[in-house]
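Here are a few friendly notes to read alongside the model. Each point takes up one part of it, so feel free to keep the view open as you go.

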Amino acid sequence: MSRTRNAALLLAAVALLALAGCSGKEKADNPGGAIIRTSQDPNGLRGAALDRPYSLPAATLTDTGGNQFNLVTSTKKPVTLVFFGYTNCPDVCPTVMADVASALTKLDKSVRDQIQLLFITTDPARDSGPVIRKYLDRFDPAFTGLTGSLTSIKDIAKAVGVPVEGMQKLPSGGYEVGHGAQVIGFGKNDKANVLWLSNAAIGDLAHDFGKLVEDNQ
């Protein structure tokens with residue numbers, strides 16, 4: 001996606017987060033109350049810059065090995081990327097995970113090793129630890145998968161401006177889970193000033209991931 005088109009998208013959103021659920025339907029929402037800058041980020045990032053940063057809540061979930069994982073104390077790397085999704089998501093989630101994994105491969109290993117991605121399931125009823133682990137291994141075995149109660153997950157998501165709508169029944173008898181599809185970038189101070197929409201270019205992701213590492217040394 002070109003920089004020009006991305007800027008146009010942000011302007012059209014009029015300071016609202018453009019969010020995509022796994023149904024593929026676009027919608028605008030802003031439960032976190034953050035304001036997106038529509039002008040170029042003075043820090044040189046290509047994602048959507050936030051005028052009011054999100055703080056990563058010190059909540060505890062469970063990783064794919066069954067161990068407790070605190071979002072603040074268990075994240076040891078300078079840069080933490082956070083994404084909410086689920087393994088049965090038919091389109092947006094695998095696309096975003098593949099794009100992030102591809103962007104990371106464009107970085108030197110020394111830089112890549114300073115970035116941790118947290119995949120927080122929005123479908124804990126179906127996404128057990130082993131299920132999430134198998135899913136993430138398709139993209140990058142270094143990705144961290146987390147689960148917990150749906151109430152806790154919704155609270156965490158709300159704190160960082162990501163709507164999670166819960167189950168939406170399908171005519172087939174199954175269900176999908178509506179959720180925001182942005183990736184949020186946190187620094188070593190556990191605050192986020194940037195996010196990337198689900199259609200961000202891989203080159204822009206790689207550029208910004210590297211810049212975040214540089215800025216958080």
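Contact here means that heavy atoms lie within 4.5 Å of each other. Please also keep in mind that this is a predicted model.

1. **A residue to start from.** A good place to begin is T80, which sits in strand β6. Is T80 buried or exposed? Its relative accessibility is 2%, and because buried means under 20%, T80 counts as buried. Setting aside neighbours within four places in sequence, T80 is in contact with T75, Q116, L118, I184, G185 and F186.

2. **The sheet around it.** Zooming out, you will find an open sheet of eight strands with mixed pairing. Following the strands across, the order reads β3-β12-β11-β6-β7-β8-β4-β5. Which strands form the edges? They are β3 (48-55) and β5 (68-70), each of which pairs on one side only. From one strand to the next, the twist averages 35°.

3. **One pairing in detail.** For a closer look at the sheet, try strand β4 (residues 60-63) beside strand β8 (residues 144-147). These two pair in the antiparallel sense, over two bridges. D63 has L146, in β8, as its bridge partner.

4. **A helix across the strands.** Helix α2 (residues 92-105) lies across three strands, namely β6 (79-85), β7 (115-121) and β11 (183-186). Relative to β6, helix α2 runs at about 160°.

5. **Salt bridges.** How many salt bridges does a search of the whole structure find? The search finds five. As background, side chains of opposite charge can pair when their charged atoms come close. Three of these pairs are picked out below.

6. **K109 with D113.** The side chains of K109 and D113 meet in a salt bridge, at 2.7 Å from N to O. K109 counts as exposed, since its relative accessibility is 53%. D113 has a relative accessibility of 38% and so counts as partly exposed.

7. **D123 with R126.** Here the two side chains meet in a salt bridge at 2.5 Å, N to O. D123 is buried, with a relative accessible area of 2%. R126, on the other hand, is partly exposed at 31%.

8. **D137 with R133.** In this salt bridge, the side chains of D137 and R133 meet at 3.0 Å, N to O. Where do the two residues sit? Both belong to helix α4 (residues 129-137), and because they are four residues apart there, about one helical turn separates them. D137 is partly exposed, with a relative accessible area of 38%.

9. **Checking a helix length.** Helix α6 (residues 202-215) lends itself to a simple check. The expected span is 1.5 Å times one less than the number of residues, so the 14 residues of α6 should span 20 Å. The end C-alpha atoms of α6 are 20 Å apart, which agrees.

10. **The buried residues of α6.** Which residues of this helix are buried? They are D204, L205, A206, D208, F209, G210, L212 and V213.

11. **A last stop at E165.** Finally, have a look at E165, which lies in strand β9 (residues 164-169). E165 is partly exposed, with a relative accessible area of 40%. Along the chain, E165 and E176 are 11 residues apart, and their C-alpha atoms are separated by 9.8 Å.

Definitions and conventions
Residues are numbered from 1 along each chain as its sequence is written. This is a predicted model: local features need pLDDT of at least 70, side-chain atom pairs count only at pLDDT 80 or more; totals for chains, interfaces and linings use all residues. Side-chain values use heavy atoms; hydrogens and water are left out. Two strands pair if DSSP finds at least two bridges between them. Axes are lines fitted to C-alpha atoms, for helices over the stretch in contact, and angles run from 0 to 180 degrees between N-to-C directions. A salt bridge is a side-chain nitrogen of Lys or Arg within 4 Å of a carboxyl oxygen of Asp or Glu. Buried means under 20% relative accessible area, exposed over 50%, partly exposed in between (1.4 Å probe, protein chains only).
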